[in-house]
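Please look at the sequence and the three-dimensional structure shown here. The explanation after them moves from the whole chain to particular residues.

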Amino acid sequence: MAAKGGKRGRACVVVLGDIGRSPRMQYHALSLARQVSLEVDIVAYGGSEPHSAVLEHQSIHIHKMQQWPTFPRGVPSILKPLVLLIKPVIQVLVLLWFLCIKIPAPDVFLVQNPPSVPTLVAVKWASWLRRSAFIVDWHNFGYTLLALSLGRSSRFVAIYRWFERHFGKMADGSLCVTRAMQHELAQNWGIKATVLYDQPPEFFRPASLEEKHKLFCRLDKSLRKPLGVQDCTSTGTGEMLNKDINETVFSTLVGTDITSKLDRPALIVSSTSWTPDEDFGILLEAAVMYDRRVAAILNEDDSIQEEALWKEMQSGKQYLYPRLLFVITGKGPEKEKYEEKISRLHLKRVAFRTMWLSAEDYPLLLGSADLGVCLHTSSSGLDLPMKVVDMFGCGLPVCAVSYSCIKELVQVEKNGLLFSSSSELADELLMLFKGFPDACDSLKGLRNGALEMSSSRRWATEWEEHAKALILEVISKNLD
(Lines give C-alpha, C1' and ligand atoms only; values in the text may rest on other atoms or scores of the structure.)
Protein backbone atom coordinates (compact mmCIF):
# COMPACT_ATOMS: atom_id res chain seq x y z
CA MET A 1 0.00 0.00 0.00
CA ALA A 2 1.33 3.42 -0.95
CA ALA A 3 2.23 5.75 1.86
CA LYS A 4 0.20 8.90 2.19
CA GLY A 5 2.24 11.85 0.98
CA GLY A 6 1.77 15.38 -0.28
CA LYS A 7 -0.43 16.54 -3.11
CA ARG A 8 0.46 14.74 -6.33
CA GLY A 9 -1.15 17.16 -8.79
CA ARG A 10 -3.04 14.40 -10.61
CA ALA A 11 -6.60 13.23 -11.10
CA CYS A 12 -7.95 10.09 -12.73
CA VAL A 13 -11.26 10.04 -14.60
CA VAL A 14 -12.72 6.52 -14.82
CA VAL A 15 -15.34 5.46 -17.38
CA LEU A 16 -16.30 1.82 -17.92
CA GLY A 17 -17.52 2.76 -21.38
CA ASP A 18 -16.54 4.42 -24.65
CA ILE A 19 -14.86 7.71 -23.70
CA GLY A 20 -15.87 9.24 -27.05
CA ARG A 21 -19.51 8.69 -26.08
CA SER A 22 -19.07 10.05 -22.54
CA PRO A 23 -19.07 13.82 -23.08
CA ARG A 24 -19.64 14.79 -19.43
CA MET A 25 -16.53 12.88 -18.35
CA GLN A 26 -14.54 14.48 -21.18
CA TYR A 27 -15.63 17.88 -19.88
CA HIS A 28 -14.62 16.88 -16.33
CA ALA A 29 -11.16 16.03 -17.65
CA LEU A 30 -10.88 19.38 -19.43
CA SER A 31 -11.98 21.29 -16.31
CA LEU A 32 -9.58 19.40 -14.03
CA ALA A 33 -6.74 20.25 -16.43
CA ARG A 34 -7.75 23.83 -17.23
CA GLN A 35 -9.38 25.05 -14.02
CA VAL A 36 -7.37 23.17 -11.34
CA SER A 37 -4.15 22.70 -13.37
CA LEU A 38 -3.97 18.97 -12.69
CA GLU A 39 -2.46 16.24 -14.83
CA VAL A 40 -5.42 14.06 -15.82
CA ASP A 41 -5.42 10.36 -16.66
CA ILE A 42 -8.55 9.01 -18.35
CA VAL A 43 -9.08 5.26 -17.99
CA ALA A 44 -11.84 4.10 -20.33
CA TYR A 45 -12.72 1.97 -23.32
CA GLY A 46 -11.89 3.17 -26.80
CA GLY A 47 -14.26 3.14 -29.76
CA SER A 48 -15.33 6.64 -30.67
CA GLU A 49 -12.90 9.54 -30.92
CA PRO A 50 -13.08 12.08 -28.06
CA HIS A 51 -13.28 15.79 -28.84
CA SER A 52 -10.10 17.33 -30.22
CA ALA A 53 -9.91 19.63 -27.17
CA VAL A 54 -9.35 16.51 -25.03
CA LEU A 55 -6.96 14.82 -27.46
CA GLU A 56 -4.83 17.92 -27.92
CA HIS A 57 -4.54 19.00 -24.26
CA GLN A 58 -1.01 18.26 -23.07
CA SER A 59 -2.12 17.52 -19.50
CA ILE A 60 -4.72 14.89 -20.45
CA HIS A 61 -3.56 11.31 -20.97
CA ILE A 62 -5.96 8.64 -22.26
CA HIS A 63 -5.44 4.98 -21.30
CA LYS A 64 -7.70 2.63 -23.27
CA MET A 65 -8.79 -0.70 -21.85
CA GLN A 66 -9.73 -3.69 -23.99
CA GLN A 67 -13.50 -3.99 -24.55
CA TRP A 68 -15.30 -7.02 -23.14
CA PRO A 69 -16.40 -9.14 -26.16
CA THR A 70 -20.07 -9.11 -27.15
CA PHE A 71 -22.07 -12.09 -25.92
CA PRO A 72 -22.23 -14.35 -29.00
CA ARG A 73 -25.62 -15.12 -30.51
CA GLY A 74 -26.71 -18.72 -30.46
CA VAL A 75 -25.08 -19.50 -27.11
CA PRO A 76 -27.62 -21.21 -24.80
CA SER A 77 -29.40 -18.76 -22.51
CA ILE A 78 -28.61 -21.06 -19.58
CA LEU A 79 -25.00 -19.83 -19.82
CA LYS A 80 -25.91 -16.14 -19.54
CA PRO A 81 -25.92 -16.09 -15.71
CA LEU A 82 -22.41 -17.58 -15.79
CA VAL A 83 -21.24 -14.85 -18.17
CA LEU A 84 -22.88 -12.21 -15.94
CA LEU A 85 -20.75 -13.51 -13.06
CA ILE A 86 -17.46 -13.94 -14.97
CA LYS A 87 -17.60 -10.59 -16.79
CA PRO A 88 -17.40 -8.29 -13.71
CA VAL A 89 -14.58 -10.37 -12.20
CA ILE A 90 -12.43 -9.91 -15.31
CA GLN A 91 -13.39 -6.22 -15.51
CA VAL A 92 -12.33 -5.68 -11.89
CA LEU A 93 -8.93 -7.23 -12.57
CA VAL A 94 -8.43 -5.09 -15.70
CA LEU A 95 -9.51 -1.93 -13.88
CA LEU A 96 -7.21 -2.62 -10.94
CA TRP A 97 -4.30 -3.22 -13.32
CA PHE A 98 -4.82 0.20 -14.91
CA LEU A 99 -5.74 2.11 -11.74
CA CYS A 100 -3.07 0.63 -9.48
CA ILE A 101 -0.15 -0.12 -11.83
CA LYS A 102 -0.37 1.53 -15.26
CA ILE A 103 -1.12 5.11 -14.18
CA PRO A 104 0.66 7.30 -11.61
CA ALA A 105 -1.09 7.58 -8.23
CA PRO A 106 -3.69 10.39 -8.37
CA ASP A 107 -4.99 12.72 -5.68
CA VAL A 108 -8.53 11.77 -6.64
CA PHE A 109 -10.44 9.24 -8.71
CA LEU A 110 -13.57 10.64 -10.39
CA VAL A 111 -15.78 7.81 -11.61
CA GLN A 112 -18.88 7.78 -13.78
CA ASN A 113 -21.91 5.88 -12.48
CA PRO A 114 -23.50 3.87 -14.08
CA PRO A 115 -22.18 1.30 -14.70
CA SER A 116 -21.85 0.57 -10.99
CA VAL A 117 -20.68 -3.05 -11.03
CA PRO A 118 -17.80 -3.55 -11.03
CA THR A 119 -16.65 0.07 -11.44
CA LEU A 120 -17.42 1.35 -7.93
CA VAL A 121 -15.88 -1.77 -6.36
CA ALA A 122 -12.65 -1.48 -8.36
CA VAL A 123 -12.27 2.27 -7.85
CA LYS A 124 -12.91 2.00 -4.11
CA TRP A 125 -10.21 -0.69 -3.78
CA ALA A 126 -7.82 1.33 -5.95
CA SER A 127 -8.40 4.48 -3.88
CA TRP A 128 -7.61 2.52 -0.69
CA LEU A 129 -4.47 0.93 -2.15
CA ARG A 130 -3.17 4.21 -3.57
CA ARG A 131 -4.31 6.46 -0.71
CA SER A 132 -6.40 8.55 -3.11
CA ALA A 133 -9.76 10.25 -2.69
CA PHE A 134 -12.80 8.82 -4.48
CA ILE A 135 -15.70 10.81 -6.01
CA VAL A 136 -18.74 9.38 -7.78
CA ASP A 137 -20.49 11.35 -10.52
CA TRP A 138 -24.06 9.99 -10.50
CA HIS A 139 -25.54 10.19 -14.01
CA ASN A 140 -28.30 7.68 -13.26
CA PHE A 141 -28.85 4.52 -11.21
CA GLY A 142 -27.29 1.41 -12.71
CA TYR A 143 -29.80 -1.01 -11.23
CA THR A 144 -32.69 0.75 -13.04
CA LEU A 145 -30.91 0.28 -16.39
CA LEU A 146 -30.35 -3.42 -15.63
CA ALA A 147 -34.04 -3.72 -14.72
CA LEU A 148 -35.00 -2.67 -18.26
CA SER A 149 -33.72 -6.01 -19.55
CA LEU A 150 -34.10 -8.30 -16.51
CA GLY A 151 -37.16 -6.82 -14.79
CA ARG A 152 -37.38 -5.05 -11.42
CA SER A 153 -38.06 -8.31 -9.57
CA SER A 154 -34.85 -10.00 -10.78
CA ARG A 155 -32.45 -11.20 -8.09
CA PHE A 156 -29.55 -9.84 -10.15
CA VAL A 157 -31.14 -6.37 -10.04
CA ALA A 158 -31.47 -6.58 -6.23
CA ILE A 159 -27.82 -7.64 -5.86
CA TYR A 160 -26.72 -4.90 -8.27
CA ARG A 161 -28.64 -2.26 -6.28
CA TRP A 162 -27.00 -3.43 -3.03
CA PHE A 163 -23.51 -3.11 -4.55
CA GLU A 164 -24.36 0.30 -6.05
CA ARG A 165 -25.67 1.67 -2.75
CA HIS A 166 -23.02 0.06 -0.52
CA PHE A 167 -19.99 1.19 -2.52
CA GLY A 168 -21.58 4.52 -3.50
CA LYS A 169 -21.82 5.39 0.21
CA MET A 170 -18.08 4.71 0.57
CA ALA A 171 -17.16 7.60 -1.74
CA ASP A 172 -15.50 10.69 -0.27
CA GLY A 173 -17.81 12.92 -2.31
CA SER A 174 -20.64 12.74 -4.82
CA LEU A 175 -21.91 14.79 -7.76
CA CYS A 176 -25.26 14.25 -9.48
CA VAL A 177 -27.17 15.67 -12.44
CA THR A 178 -30.55 16.79 -10.99
CA ARG A 179 -32.15 18.00 -7.76
CA ALA A 180 -34.54 15.05 -7.94
CA MET A 181 -31.57 12.65 -7.93
CA GLN A 182 -29.93 14.62 -5.11
CA HIS A 183 -33.10 14.18 -3.03
CA GLU A 184 -33.30 10.44 -3.79
CA LEU A 185 -29.65 9.91 -2.84
CA ALA A 186 -30.09 11.81 0.44
CA GLN A 187 -33.42 10.31 1.50
CA ASN A 188 -33.10 6.69 0.44
CA TRP A 189 -29.37 6.04 0.00
CA GLY A 190 -27.83 8.14 2.78
CA ILE A 191 -25.56 9.92 0.28
CA LYS A 192 -25.00 13.68 0.24
CA ALA A 193 -24.47 14.82 -3.33
CA THR A 194 -23.79 18.17 -4.99
CA VAL A 195 -25.88 18.98 -8.06
CA LEU A 196 -23.74 19.70 -11.11
CA TYR A 197 -26.11 20.36 -13.99
CA ASP A 198 -24.96 19.42 -17.45
CA GLN A 199 -24.10 22.58 -19.37
CA PRO A 200 -22.72 22.89 -22.89
CA PRO A 201 -19.03 23.71 -23.33
CA GLU A 202 -17.93 26.57 -25.55
CA PHE A 203 -17.92 24.58 -28.81
CA PHE A 204 -21.72 24.11 -28.70
CA ARG A 205 -23.05 27.32 -30.28
CA PRO A 206 -25.20 28.47 -33.22
CA ALA A 207 -23.44 27.94 -36.55
CA SER A 208 -22.85 30.77 -39.03
CA LEU A 209 -24.25 30.50 -42.56
CA GLU A 210 -20.74 29.77 -43.84
CA GLU A 211 -20.21 27.01 -41.26
CA LYS A 212 -23.59 25.50 -42.13
CA HIS A 213 -22.82 25.44 -45.84
CA LYS A 214 -19.39 23.85 -45.32
CA LEU A 215 -20.95 21.20 -43.08
CA PHE A 216 -23.70 20.48 -45.61
CA CYS A 217 -21.05 20.14 -48.32
CA ARG A 218 -19.12 17.61 -46.21
CA LEU A 219 -22.29 15.66 -45.45
CA ASP A 220 -23.86 16.10 -48.89
CA LYS A 221 -23.49 12.50 -50.01
CA SER A 222 -24.98 11.19 -46.75
CA LEU A 223 -27.81 13.72 -46.78
CA ARG A 224 -28.84 12.80 -50.33
CA LYS A 225 -28.63 9.02 -49.88
CA PRO A 226 -32.02 7.53 -48.84
CA LEU A 227 -32.49 4.59 -46.50
CA GLY A 228 -35.00 3.20 -48.99
CA VAL A 229 -35.09 3.47 -52.78
CA GLN A 230 -35.99 7.19 -53.03
CA ASP A 231 -37.49 9.93 -50.88
CA CYS A 232 -38.32 13.63 -50.97
CA THR A 233 -34.72 14.81 -50.56
CA SER A 234 -32.93 12.25 -52.73
CA THR A 235 -34.56 12.88 -56.11
CA GLY A 236 -33.85 15.67 -58.55
CA THR A 237 -30.83 16.88 -56.65
CA GLY A 238 -27.88 17.31 -58.95
CA GLU A 239 -24.24 16.67 -58.29
CA MET A 240 -21.77 19.35 -57.23
CA LEU A 241 -21.71 21.85 -60.09
CA ASN A 242 -18.01 22.74 -59.87
CA LYS A 243 -15.39 23.83 -57.40
CA ASP A 244 -16.66 27.43 -57.32
CA ILE A 245 -20.42 26.79 -57.21
CA ASN A 246 -21.66 24.39 -54.56
CA GLU A 247 -25.28 23.41 -54.08
CA THR A 248 -26.50 21.36 -51.15
CA VAL A 249 -29.95 20.26 -50.04
CA PHE A 250 -30.17 23.37 -47.85
CA SER A 251 -27.91 26.06 -49.32
CA THR A 252 -26.22 27.43 -52.43
CA LEU A 253 -22.84 29.09 -52.94
CA VAL A 254 -22.37 31.29 -56.00
CA GLY A 255 -19.05 33.11 -56.04
CA THR A 256 -18.66 34.27 -52.46
CA ASP A 257 -22.40 34.54 -51.68
CA ILE A 258 -24.09 31.81 -49.62
CA THR A 259 -27.88 31.70 -49.49
CA SER A 260 -30.30 29.37 -47.74
CA LYS A 261 -32.85 27.83 -50.09
CA LEU A 262 -36.42 28.99 -49.51
CA ASP A 263 -37.71 25.55 -50.54
CA ARG A 264 -35.25 23.67 -48.32
CA PRO A 265 -36.53 20.94 -46.02
CA ALA A 266 -36.70 21.63 -42.30
CA LEU A 267 -33.73 19.96 -40.61
CA ILE A 268 -34.64 18.05 -37.45
CA VAL A 269 -31.95 16.34 -35.39
CA SER A 270 -32.35 13.55 -32.85
CA SER A 271 -29.47 11.87 -31.07
CA THR A 272 -30.15 8.36 -29.79
CA SER A 273 -28.32 5.40 -28.30
CA TRP A 274 -30.79 3.05 -30.04
CA THR A 275 -31.65 1.33 -26.75
CA PRO A 276 -34.99 0.30 -25.14
CA ASP A 277 -35.13 3.40 -22.89
CA GLU A 278 -35.69 5.51 -26.05
CA ASP A 279 -38.80 4.52 -28.00
CA PHE A 280 -37.84 5.47 -31.54
CA GLY A 281 -41.19 4.13 -32.74
CA ILE A 282 -42.84 7.32 -31.41
CA LEU A 283 -40.85 9.41 -33.88
CA LEU A 284 -41.64 7.13 -36.82
CA GLU A 285 -45.36 7.21 -36.03
CA ALA A 286 -45.29 11.01 -35.69
CA ALA A 287 -43.56 11.28 -39.08
CA VAL A 288 -46.28 9.18 -40.72
CA MET A 289 -48.99 11.31 -39.08
CA TYR A 290 -47.33 14.56 -40.23
CA ASP A 291 -47.10 13.23 -43.77
CA ARG A 292 -50.77 12.20 -43.90
CA ARG A 293 -52.13 15.27 -42.13
CA VAL A 294 -50.30 17.68 -44.45
CA ALA A 295 -51.64 15.82 -47.47
CA ALA A 296 -55.16 16.12 -46.02
CA ILE A 297 -54.78 19.83 -45.19
CA LEU A 298 -53.58 20.56 -48.75
CA ASN A 299 -56.38 18.40 -50.23
CA GLU A 300 -53.91 16.35 -52.21
CA ASP A 301 -55.23 13.55 -54.36
CA ASP A 302 -54.00 10.15 -53.12
CA SER A 303 -53.49 9.12 -56.74
CA ILE A 304 -50.68 11.66 -57.23
CA GLN A 305 -47.44 9.75 -57.76
CA GLU A 306 -44.66 10.42 -55.25
CA GLU A 307 -42.13 11.09 -58.03
CA ALA A 308 -44.37 13.77 -59.59
CA LEU A 309 -44.82 15.50 -56.24
CA TRP A 310 -41.08 15.37 -55.52
CA LYS A 311 -40.28 16.84 -58.93
CA GLU A 312 -42.65 19.70 -58.16
CA MET A 313 -40.96 20.25 -54.78
CA GLN A 314 -37.52 20.24 -56.37
CA SER A 315 -38.60 22.80 -58.96
CA GLY A 316 -38.73 25.40 -56.19
CA LYS A 317 -42.45 25.42 -55.38
CA GLN A 318 -43.13 26.34 -51.76
CA TYR A 319 -45.84 24.77 -49.66
CA LEU A 320 -47.55 25.83 -46.43
CA TYR A 321 -45.80 22.91 -44.71
CA PRO A 322 -42.21 21.95 -45.60
CA ARG A 323 -40.54 18.64 -46.20
CA LEU A 324 -38.93 17.32 -43.03
CA LEU A 325 -35.46 15.77 -43.03
CA PHE A 326 -34.70 13.92 -39.80
CA VAL A 327 -31.00 13.29 -39.16
CA ILE A 328 -30.60 10.66 -36.45
CA THR A 329 -27.15 10.44 -34.90
CA GLY A 330 -25.75 7.78 -32.61
CA LYS A 331 -24.80 4.12 -32.32
CA GLY A 332 -26.64 1.29 -30.61
CA PRO A 333 -28.14 -2.21 -30.73
CA GLU A 334 -31.53 -1.38 -32.30
CA LYS A 335 -30.26 0.85 -35.13
CA GLU A 336 -30.52 -1.73 -37.93
CA LYS A 337 -34.03 -2.75 -36.85
CA TYR A 338 -35.32 0.81 -37.16
CA GLU A 339 -33.43 1.49 -40.39
CA GLU A 340 -35.31 -1.44 -41.90
CA LYS A 341 -38.62 0.03 -40.68
CA ILE A 342 -37.73 3.46 -42.11
CA SER A 343 -36.91 1.96 -45.52
CA ARG A 344 -40.48 0.62 -45.75
CA LEU A 345 -42.33 3.84 -44.82
CA HIS A 346 -42.69 5.43 -48.32
CA LEU A 347 -43.50 8.95 -47.09
CA LYS A 348 -44.06 11.90 -49.43
CA ARG A 349 -42.78 14.77 -47.29
CA VAL A 350 -40.55 13.16 -44.67
CA ALA A 351 -37.10 11.62 -45.03
CA PHE A 352 -34.68 10.05 -42.54
CA ARG A 353 -30.90 9.78 -42.45
CA THR A 354 -28.85 7.92 -39.84
CA MET A 355 -25.20 8.78 -39.27
CA TRP A 356 -22.37 8.96 -36.78
CA LEU A 357 -20.61 12.34 -36.67
CA SER A 358 -17.21 13.36 -35.35
CA ALA A 359 -17.05 15.20 -32.04
CA GLU A 360 -16.33 18.39 -34.04
CA ASP A 361 -19.15 18.04 -36.60
CA TYR A 362 -21.90 17.08 -34.13
CA PRO A 363 -22.08 20.57 -32.51
CA LEU A 364 -22.10 22.11 -36.01
CA LEU A 365 -25.05 19.92 -37.01
CA LEU A 366 -27.00 21.01 -33.93
CA GLY A 367 -26.08 24.63 -34.64
CA SER A 368 -27.37 24.24 -38.22
CA ALA A 369 -30.68 22.48 -37.46
CA ASP A 370 -34.19 23.91 -37.08
CA LEU A 371 -35.45 21.64 -34.28
CA GLY A 372 -34.19 18.94 -31.94
CA VAL A 373 -36.22 15.91 -30.84
CA CYS A 374 -35.40 13.98 -27.66
CA LEU A 375 -36.87 10.51 -27.04
CA HIS A 376 -35.07 9.91 -23.71
CA THR A 377 -37.41 8.61 -20.99
CA SER A 378 -34.94 7.80 -18.16
CA SER A 379 -34.88 4.39 -16.48
CA SER A 380 -34.96 6.04 -13.05
CA GLY A 381 -36.96 9.15 -13.92
CA LEU A 382 -34.26 11.17 -12.13
CA ASP A 383 -31.68 12.05 -14.79
CA LEU A 384 -31.75 14.59 -17.61
CA PRO A 385 -30.73 14.03 -21.26
CA MET A 386 -27.41 15.72 -22.00
CA LYS A 387 -28.35 15.84 -25.69
CA VAL A 388 -30.99 18.48 -24.86
CA VAL A 389 -28.36 20.55 -23.02
CA ASP A 390 -26.17 20.40 -26.13
CA MET A 391 -29.10 21.45 -28.33
CA PHE A 392 -29.86 24.44 -26.13
CA GLY A 393 -26.16 25.35 -26.20
CA CYS A 394 -26.52 25.68 -29.99
CA GLY A 395 -29.70 27.75 -29.66
CA LEU A 396 -31.77 24.82 -30.93
CA PRO A 397 -35.34 24.46 -29.59
CA VAL A 398 -36.42 20.97 -28.53
CA CYS A 399 -39.46 18.71 -28.51
CA ALA A 400 -38.88 16.15 -25.73
CA VAL A 401 -40.70 13.18 -24.23
CA SER A 402 -42.37 14.23 -21.00
CA TYR A 403 -41.33 12.54 -17.73
CA SER A 404 -41.00 13.43 -14.06
CA CYS A 405 -38.03 15.81 -13.91
CA ILE A 406 -37.63 16.97 -17.53
CA LYS A 407 -39.09 20.36 -16.55
CA GLU A 408 -35.85 21.05 -14.67
CA LEU A 409 -34.46 21.52 -18.19
CA VAL A 410 -37.20 22.16 -20.77
CA GLN A 411 -39.31 25.27 -20.15
CA VAL A 412 -42.52 24.62 -22.05
CA GLU A 413 -43.33 27.25 -24.71
CA LYS A 414 -40.12 29.11 -23.88
CA ASN A 415 -37.29 26.91 -25.21
CA GLY A 416 -39.18 23.75 -26.13
CA LEU A 417 -42.28 21.58 -26.01
CA LEU A 418 -43.10 18.25 -24.34
CA PHE A 419 -45.05 15.32 -25.74
CA SER A 420 -46.36 12.02 -24.39
CA SER A 421 -47.46 10.36 -27.62
CA SER A 422 -46.70 10.25 -31.34
CA SER A 423 -49.93 12.17 -32.03
CA GLU A 424 -48.85 15.02 -29.75
CA LEU A 425 -45.45 15.18 -31.45
CA ALA A 426 -47.13 15.28 -34.89
CA ASP A 427 -49.34 18.16 -33.71
CA GLU A 428 -46.26 20.03 -32.53
CA LEU A 429 -44.46 19.52 -35.84
CA LEU A 430 -47.47 20.88 -37.74
CA MET A 431 -47.74 23.88 -35.44
CA LEU A 432 -44.04 24.74 -35.43
CA PHE A 433 -43.34 24.35 -39.15
CA LYS A 434 -46.44 25.98 -40.64
CA GLY A 435 -45.13 28.74 -42.92
CA PHE A 436 -41.51 27.53 -42.79
CA PRO A 437 -38.95 29.02 -43.24
CA ASP A 438 -40.00 32.67 -42.82
CA ALA A 439 -43.52 32.69 -41.36
CA CYS A 440 -43.18 30.17 -38.50
CA ASP A 441 -43.49 32.49 -35.49
CA SER A 442 -43.92 29.73 -32.89
CA LEU A 443 -40.64 28.10 -33.92
CA LYS A 444 -38.86 31.46 -33.93
CA GLY A 445 -40.13 32.16 -30.41
CA LEU A 446 -38.77 28.87 -29.10
CA ARG A 447 -35.46 29.48 -30.85
CA ASN A 448 -35.15 32.87 -29.14
CA GLY A 449 -35.76 31.17 -25.79
CA ALA A 450 -33.14 28.52 -26.53
CA LEU A 451 -30.65 31.21 -27.59
CA GLU A 452 -31.29 33.12 -24.36
CA MET A 453 -30.62 29.96 -22.35
CA SER A 454 -27.46 29.17 -24.36
CA SER A 455 -25.92 32.51 -23.46
CA SER A 456 -26.68 32.27 -19.73
CA ARG A 457 -24.77 29.15 -18.57
CA ARG A 458 -21.74 27.20 -19.77
CA TRP A 459 -19.99 24.10 -18.45
CA ALA A 460 -16.85 25.89 -17.21
CA THR A 461 -18.92 28.31 -15.12
CA GLU A 462 -21.15 25.57 -13.68
CA TRP A 463 -18.13 23.39 -12.87
CA GLU A 464 -16.27 26.28 -11.23
CA GLU A 465 -19.24 27.06 -8.97
CA HIS A 466 -20.36 23.56 -8.01
CA ALA A 467 -17.67 20.91 -8.64
CA LYS A 468 -14.33 22.61 -8.09
CA ALA A 469 -14.83 23.35 -4.39
CA LEU A 470 -16.02 19.80 -3.66
CA ILE A 471 -13.07 18.20 -5.48
CA LEU A 472 -10.47 20.42 -3.79
CA GLU A 473 -12.10 19.81 -0.39
CA VAL A 474 -12.06 16.04 -0.87
CA ILE A 475 -8.41 16.13 -1.95
CA SER A 476 -7.48 18.31 1.04
CA LYS A 477 -9.25 16.05 3.55
CA ASN A 478 -7.51 13.01 2.10
CA LEU A 479 -4.13 14.65 2.73
CA ASP A 480 -4.88 15.31 6.41
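The paragraphs below describe the overall form first and then several local features.

The structure is a predicted model. Its mean pLDDT, the predictor's confidence in each residue, is 90, and 93% of the residues reach 70 or more. One stretch calls for caution: over residues 237-244 the pLDDT stays under 50. For that stretch the model has 10 contacts beyond four places in sequence.

We may begin with the chain as a whole. The protein contains 18 helices and 16 strands. Its C-alpha trace spans about 75 × 55 × 40 Å along the principal axes. How does the radius of gyration agree with that of a compact globule? A compact globule of 480 residues would have a radius of gyration near 23 Å, and the protein has 24 Å, so the value agrees with that expectation.

The interior and the surface can be described in a similar way. Of the 480 residues, 55% count as buried. Among contacts with a separation of 6 or more, 74% are accounted for by residues 24 or more positions apart. The protein exposes about 21,300 Å², and 53% of this area is supplied by carbon and sulfur atoms. As for charge, there are 55 positive and 54 negative charges, and their mean positions are 6 Å apart.

Let us now follow the chain from its beginning. Ser22 is placed in the loop that runs between strand S1 (10-18) and helix H1 (23-35). Is Ser22 buried or exposed? Its relative accessibility is 7%, and a residue under 20% is called buried, so Ser22 counts as buried. If neighbours within four places in sequence are left aside, Ser22 is in contact with Val15 and Gln112.

Further along, the loop between strand S4 (108-113) and helix H4 (119-129) holds Pro114, and Pro115 is found in the loop between S4 and H4 as well. Which kind of peptide bond joins Asn113 and Pro114? The bond is cis, with omega at about 0°. The peptide bond from Pro114 to Pro115 is also cis, and its omega is near 0°.

Beyond H4, the backbone angle phi becomes the point of interest. Arg131 lies in the loop between H4 and strand S5 (133-138). Its phi is near 55°, a positive value in a residue other than glycine. With a relative accessible area of 35%, Arg131 falls between the limits of 20% and 50% and is therefore partly exposed.

Asn299 offers a second case of positive phi: its value is about 55°, although the residue is not a glycine. Asn299 is located in the loop between helix H10 (281-297) and helix H11 (306-314). Its relative accessibility is 69%, which is over 50%, and Asn299 therefore counts as exposed.

Helix H5 shows how a helix may be joined to its surroundings. The buried residues of H5 (residues 142-150) are Gly142, Tyr143, Thr144 and Ala147. Against which elements do the buried residues of H5 pack? They pack against S4 and helix H6 (155-168). H5 is followed by Gly151, whose phi is positive, near 95°.

Two final residues illustrate how positions separated along the chain are placed in space. Lys225 belongs to the loop between helix H9 (220-224) and strand S8 (245-247). Its relative accessible area of 59% is over 50%, so Lys225 is exposed. Although Lys225 and Phe352 are 127 residues apart along the chain, their C-alpha atoms are separated by 9.6 Å.

Ala400, by contrast with a loop residue, is found in strand S15 (residues 398-401). Its relative accessibility is 0%, which is under 20%, so Ala400 counts as buried. Which residues does Ala400 touch, not counting those up to four places away in sequence? They are Cys374, Val410, Leu417, Leu418 and Phe419. Ala400 and Ala286 are 114 residues apart in sequence, and the distance between them in space, C-alpha to C-alpha, is 13 Å.

Note on methods: Residues are numbered from 1 along each chain as its sequence is written. This is a predicted model: local features need pLDDT of at least 70, side-chain atom pairs count only at pLDDT 80 or more; totals for chains, interfaces and linings use all residues. Side-chain values use heavy atoms; hydrogens and water are left out. Helices (H or I, at least four residues) and strands (E, at least two) are DSSP runs, numbered from the N terminus. The radius of gyration is taken over C-alpha atoms; the globule rule is 2.2 Å times the number of residues to the power 0.38. Buried means under 20% relative accessible area, exposed over 50%, partly exposed in between (1.4 Å probe, protein chains only). Contact means heavy atoms within 4.5 Å. Accessible areas come from the Shrake-Rupley method with a 1.4 Å probe; for residues, only the protein chains shown count as cover. Lys and Arg count as positive and Asp and Glu as negative; His and the chain ends are not counted. The place of a charge is taken as NZ of Lys, CZ of Arg, CG of Asp or CD of Glu. pLDDT is the predictor's confidence in each residue, from 0 to 100.
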